[in-house]
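Visitor: Please show me the chain. I have some questions about its fold.

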Amino acid sequence: MLFALFVQFSFNVFDHPMVRGPQNRFSTQYRCYSVSMLAGPNDRSDVEKGGKIIMPPSALDQLSRLNITYPMLFKLTNKNSDRMTHCGVLEFVADEGICYLPHWMMQNLLLEEGGLVQVESVNLMVATYSKFQPQSPDFLDITNPKAVLENALRNFACLTTGDVIAISYNEKIYELRVMETKPDKAVSIIECDMNVDFDAPLGYKEPERRPQYQEEPTAFSGSGNRLDGKTKGIEPSPAPLCPSDIKRGIPNYDFKVGRITFIRNSKPQPKKTDDAMNRFIAFSGQGQSLRKKGRKP
């Protein structure tokens, strides 16, 4: 997934033009705390949504006297764990000797509340390419990850290879590991045209691919049963006929054109002879009487 990402940055603390020439380095140590520890009635959840820190007013006074390049970028180092990252500055309202960091940044530096962090001013090259790996497959549920990431990176000033940054979308926090940055391992993303690529999310598994041509089971492929025990829908094949089984019809030798004759019997009836006709005469028998003739009662 490759696309061009343009991030604009508005640095509203200073309105100075970019200063050229030798640079004096700002370097000091602060005790760091998460933004939730920042005193005051105002909600500073905006700090958690980006990559910028809050520093004390003395840092502003010292930086203003140095010949540095604007906008200001800083390198943060935890010397106890040898972990480092880079950030921008949002405001100078912290108590003296204290700076406030986003929670994800403290996790990357392995810092606890009140731990010491070294803050140094740096110059970074402008980013041309970066690659991110979502730390959960839930990131794939976002409809337009390009737009979400572009909007979230507006609150960042720089990226460091190896960091796990946190972005907020729809009241949910998504973590992304910075897998690669070009042209250096730490780059500035202020007013840059940057190509962005995504690795497969951590723990993501490719869905199993089914064969393209898969035989679908035939619906209602079983056979039915009848109450009389006969097989439904299956008729026995007729037995083949032998030449001797074929019977010819009875020809009508008395056929005349224009006359239809219906032959009722399949076999010709034998002709009755005159003797047979003479043998039987209807009602030709003799009757019997209960009284014999010639006797009187």
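What follows is a short round of questions and answers on this model.

Guide: This is a predicted model: local features need pLDDT of at least 70, side-chain atom pairs count only at pLDDT 80 or more, and totals for chains, interfaces and linings use all residues. Residues are numbered from 1 along each chain as its sequence is written, and side-chain values use heavy atoms, with hydrogens and water left out.

Visitor: How many helices and strands does the secondary structure come to?
Guide: Helices (H or I, at least four residues) and strands (E, at least two) are DSSP runs, numbered from the N terminus. The count for this chain is five helices and 14 strands.

Visitor: What is the strand order in the open sheet of three strands?
Guide: Strands pair if DSSP finds at least two bridges between them. S8 (125-126) and S10 (158-160) are the edge strands, each pairing on one side only. S8 pairs with S13 (residues 186-188) in the parallel sense over two bridges. Pairing in the sheet is mixed, and the order is S8-S13-S10.

Visitor: Which residue in S6 stands opposite Cys-32?
Guide: Strand S2 (residues 27-34) pairs with S7 (residues 116-122) in the antiparallel sense over five bridges. S2 also runs parallel to S6 (residues 98-101), joined by four bridges. Opposite Cys-32 in S6 stands Cys-99.

Visitor: Is Glu-120 buried or exposed?
Guide: Glu-120 is found in strand S7. Its contacts (heavy atoms within 4.5 Å) include Arg-25, Phe-26 and Leu-73, not counting residues up to four places away in sequence. The classes are buried under 20% relative accessible area, exposed over 50%, partly exposed in between (1.4 Å probe, protein chains only). At a relative accessible area of 13%, Glu-120 is therefore buried.

Visitor: How many aromatic pairs are there?
Guide: Rings of Phe, Tyr and Trp (its six-membered ring) pair if their centres lie within 6.5 Å; planes under 30 degrees apart count as stacked, over 60 as edge-to-face and the rest as tilted. By that rule the count is five.

Visitor: Which residues do ring pairs link into a cluster with Phe-132?
Guide: Phe-132 lies in strand S9 (residues 129-134) and Phe-198 in strand S14 (residues 192-198), 66 residues apart. Both are buried. The cluster links Phe-132 with Phe-139, Tyr-174 and Phe-198.

Visitor: Which ring does the charged end of Lys-182 sit over?
Guide: A charge sits over a ring if NZ of Lys or CZ of Arg is within 6 Å of the ring centre and within 35 degrees of the ring normal. The charged end of Lys-182 is 5.1 Å from the centre of its ring partner, Tyr-129.
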